[in-house]
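Q: Could you take me through how a few local and packing features are read from a model, beginning with a backbone angle?

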Amino acid sequence: IVGWSPNGRYLAFFDKNIRTEIPDGGQIRIYDLQEDRYIEDRDNLYPFNFNQRILWSNSNILLIWKTGLFLAEMSDYHDSLAQLVFYNPDTQTGVNSVGIFDVLRSESAFSPDSSGVLIIGKPLIGYDKPVFNDNPTRVDLILISTTTGEHTVLDTDVTHIITWRKLDDGETWGD
């Protein structure tokens with residue numbers, strides 16, 4: 001688990017040598033090459049989901065998938081739950097997604113302007129496990145704002161994220 005920021009200033013990686021509450025755990029570390037130092041921010045960089053890849057936006061926002069184990073302790077399922085954090089190492093601030101999601105796959109895509117990210121899954125409502133349609137497995141296409149953390153379900157019965165396309169001036173979704 002490693003990834004360079006698009007401007008080459010930051011290197012984000014998993015460090016298993018950091019002691020955590022999770023057995024054989026660790027946390028994401030970000031090294032600032034320009035200032036020759038590590039960014040310390042345990043609140044935003046831990047705990048994260050080990051099964052998700054590191055993804056940077058075009059404007060150096062790091063997508064961090066928080067692990068489900070600590071998000072819904074009252075639930076009898078945790079493995080596929082995620083809360084997203086959009087971390088800006090320039091300001092050392094993070095924005096948490098308002099919702100928690102049962103995620104189908106680690107597919108995600110930042111918008112070209114980095115204002116949002118697409119995921120496929122289902123928003124968690126209460127403590128009930130969301131039901132996915134089968135053959136093939138279909139879920140919701142969810143847009144999450146990187147500035148507010150709020151989400152919108154754009155479509156249902158989705159199987160994959162193919163790409164992101166920016167709408168032209170005057171064009172609306174569905175045209």
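A: Asparagine 60 sits in the loop between strand S5 (55-56) and S6, where strands are DSSP runs of E, at least two residues long, numbered from the N terminus. This is a predicted model, in which local features need pLDDT of at least 70 and side-chain atom pairs count only at pLDDT 80 or more, while totals for chains, interfaces and linings use all residues. Residues are numbered from 1 along each chain as its sequence is written, and side-chain values use heavy atoms, with hydrogens and water left out.

Q: What is the sign of phi at asparagine 60?
A: Most residues other than glycine have a negative phi. Asparagine 60, although not a glycine, has a positive phi of about 65°.

Q: Is asparagine 60 buried or exposed?
A: Buried means under 20% relative accessible area, exposed over 50%, and partly exposed in between (1.4 Å probe, protein chains only). Asparagine 60 counts as buried because its relative accessibility is 7%.

Q: Which other loop residue has a positive phi although it is not a glycine?
A: Glutamine 92 has a positive phi of about 55°, and it is found in the loop between S7 and strand S8 (93-96). With a relative accessible area of 30%, glutamine 92 is partly exposed.

Q: Which residues have the most contacts inside the largest nonpolar core?
A: In soluble globular proteins, nonpolar side chains tend to be buried together. A nonpolar core is a set of buried Ala, Val, Leu, Ile, Met, Phe, Trp, Tyr and Cys residues joined through side-chain atoms within 4.5 Å. The largest one has 14 residues, and those with the most contacts inside it are Leu63, Leu84, Phe86, Ile119 and Ile144.

Methods
Helices (H or I, at least four residues) and strands (E, at least two) are DSSP runs, numbered from the N terminus.
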